[in-house]
Amino acid sequence: MVFPAGGRGSGPDGPDRGGARAEAPTVVMRPTMTGRSLVPAQGGPVEVPALAWSAGEWEDAYQRVRLSGRAYVWLNLVEQRLRSLVDEVLHPIYAPAHGEDWVTAAAGPAGEEWAHRAGAVREVSRRKGYLLDPADDDPLVFLTLPQLRELMVQHWPCFEPYLADRREIELALDELEVARHVVSRNRVLTQTVLAQTERAAARLLAVLDGGTGGVPADVVESLVAGRYADVVAVHADRVRLQRDLPVEDLLDGARRLDALGIGLGMLCQNYTGKRLVRLAGEGCRVRLLFLNPASSAVRRRERELGLSRAELSRSIEMNIMHVRRVRARLRDQGGFEIRVFDETPRFTAYLVEGPRPTGPAAGRRQSRDLGVIQPYLRRSRGMESPALILRGGAGQQPGGTEPGLLEVYREEFEGVWADARNVS
C-alpha cells in the first residue's frame, strides 16, 4: 500500500517552503506474519500476506480434529446417558410438586445459580428457534456434565439402589473433566489424554448401565462404520492385527468359529490347544478348512514364496495334526469339523459368531459377530499380508437391506466348505 507523505504544506494544492510543488515520497507497508500487520519498507512492490495454510499446518489441524472428535463422541454419549439417568431417578421425586422448575428445586440453594442460568439459556434458545427437536425443550438438556454430576452427588441416596460404586463413578468423571475442558475450547488434545478419556468413558457407561456392558469397544467405529460395509479396522500386517485384536479376544465367548485358509497359522500357532478344547467344550461349533497339503496349489504357493519343495505342505500337515489332537480330546466331536480343499487359495478368513445381546440394552449393543480377512499376496507370507476386521451389521445403515462384507465372506466359506473333503 502506498501513502503520500504527511509533511506540512504537502498535498496536491499545498506548496512546500520553496513555493514549488513537492513530490510525495512513497511509503510501502510490508506485512508481517506474526501479527498480520503492515510495516513500512523502503521501495519495492506491496507484499501480500501469506494467509493460506501450508500442508504441514493443515495436517496439524486435521490431527487435532481427529483426536478431539473422538473425545467429543465419548463425552457426548456420557452426557446423554447421565442426563437420562438423572431424569429417570429425580424427575418422579421433584416434578409432581415443582412442575417445570423441578431441576431448580433439585439443585437446591447450592446450585440455584447455575440452575437459573441454564433456564435463561433455555428461554433464549426458545425465542431464537434453536430448539430443533421438541424433546430438547427440557431443563436437563441445558445442564453441563459437571452440573449433572452435582445433582447425582447431592442426591446419592436416590441413586445408590441402582449404582453400586460411587467412587468408581466419581473417579471416571474426574478423568473425563480434563478432556472436556480441552475439547470445549478447541485446544490441543494429546493421544495419552484421549486414550484415558476413552477408557474412563467406557468404564463409566458400563457402570451407569448396571454393569451390563452395553457400550461397544469403540463407539466411534459404530457411528462411522456404515460408510465402509462392515470394515471397522485395517492393519498393514498380522503383527499389528494381533496387537489390536489378540486371538483370545477374537474368540472370547464365541458360539461358532468358521476358519478358512492355507494353514490357519493364526489359530494353530497363537491359540493353545487347551484353550481350543475349552472353547469347543463350552459349546462353540468349529469348522476348519485347510488347503490340501497334497494339492498342486501348495506347490504353486511354495514357488511364489521361494520355499523349498514340501516345506509349506509339512507346515499344513502339522497344523492339521494339531487340531485333530484337539478334536480327539472332546466328548462331542461332531461339533468340531475339519476339512481340506483343493482350490486356489484366495484369502484367510476367521468368521466368529458371538453371543446374542440380551436384556433391555440389547437394541443399542454392538454385534459380536466378527471377521478377520487377509488376502494372499504373491510374494508375502500370511504374517505380512494386510488384514481387515469386519463387524457384522456395522456397515448397515438403519433400515438397510444390502449385505455387508461379513455376509459375503460367509457365503464364500459355505461354498468352499460344500466342495471340501472331511479329514478323519
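## The eight-stranded sheet

In this predicted model, eight strands form an open sheet with mixed pairing. Their order across the sheet is β4-β10-β9-β8-β5-β6-β7-β11. Two strands sit at the edges: β4 and β11 (421–422). Each of these edge strands pairs on one side only.

The sheet belongs to a chain with 14 helices and 11 strands. The sections below take the sheet from its β4 edge, through β5 and β6, to its β11 edge.

## The β4 edge

Strand β4 covers residues 231–235. Four of its five residues are buried, so this strand counts as mostly covered. It is an edge strand, and its partner is β10 (residues 387–391). The two strands run in the antiparallel sense and are joined over four bridges. One position in this pairing can be picked out by name: V231 of β4 stands opposite L390 in β10.

## Strand β5 and its two neighbours

Strand β5 spans residues 256–261. Is it enclosed or open? Five of its six residues are buried, so the rest of the structure largely encloses it. In the strand order, β5 stands between β8 and β6.

The two sides of β5 pair in opposite senses. Toward β6 (residues 285–291), six bridges join the strands, and they run parallel. Here D258 has R287 as its bridge partner in β6. Toward β8 (residues 347–353), five bridges join the strands, and they run antiparallel. On that side, L260 stands opposite A349.

In a regular strand, side chains alternate between the two faces of the sheet.

## From β6 to the β11 edge

Strand β6 also pairs with β7. This pairing is parallel and has six bridges. Within it, V286 stands opposite F336 in β7.

Strand β7 takes in residues 336–341. Five of its six residues are buried, so β7 is largely enclosed by the rest of the structure. On its other side comes β11. Two bridges join β7 to β11, and the strands run antiparallel. Two facing pairs can be named. V340 stands opposite R421, and R339 stands opposite N422. With β11 the sheet reaches an edge, since this strand pairs on one side only.

## Cavities

Rolling a probe the size of a water molecule over the atoms shows where empty space is left. How many cavities of 30 Å³ or more are there? The count comes to three. The largest holds about 90 Å³ of space.

Ten positions can be read off its lining: L260, F341, E343, T344, P345, R346, F347, Y376, E412 and V416. By type, the lining divides into six nonpolar residues, one polar residue and three charged residues. The sheet contributes to this lining. L260, which stands opposite A349 in β8, is one of the lining residues. F341 is another, and it falls within β7, residues 336–341. F347 lines the cavity too and belongs to β8, residues 347–353.

## Two helix residues

S68 is found in helix α1, which runs over residues 55–98. Is S68 buried or exposed? It is buried, because its relative accessible area of 13% falls under the 20% cut-off. Leaving out residues up to four places away in sequence, S68 touches V183, R187 and L189.

R299 lies in helix α12, residues 296–305. It is partly exposed, because its relative accessible area of 32% lies between the cut-offs of 20% and 50%. With the nearest sequence neighbours again set aside, up to four places away, R299 touches A294 and R309. R299 can also be placed relative to S313: the two are 14 residues apart in sequence, and their C-alpha atoms are 8.1 Å apart in space.

## The chain as a whole

The chain has 424 residues, and 40% of them count as buried. It exposes about 24200 Å². Carbon and sulfur atoms supply 52% of that area.

Contacts can also be sorted by distance along the sequence. Among those with a separation of 6 or more, 69% join residues 24 or more positions apart. The sheet gives examples of strands that lie far along the sequence from their partners: β4 at residues 231–235 pairs with β10 at residues 387–391.

Terms used: Residues numbered from 1 in each chain as written. Predicted model: local features only at pLDDT ≥ 70, side-chain atom pairs only at ≥ 80, totals over all residues. Heavy atoms only, no water. 1 Å grid on protein atoms, 1.4 Å probe; cavity = no way out; pocket = protein on both sides within 12 Å on 5 of 7 lines; lining within 4 Å. Points joined across faces, edges and corners; volume = space filled by probe spheres on them. Nonpolar A, V, L, I, M, F, W, Y, C, P; charged D, E, K, R; others polar. Buried < 20%, exposed > 50% of the residue type's maximum accessible area, 1.4 Å probe, protein only. Contact = heavy atoms within 4.5 Å. Areas by Shrake-Rupley, 256 points an atom, 1.4 Å probe, with all protein chains shown as cover. Pairing = 2+ DSSP bridges.
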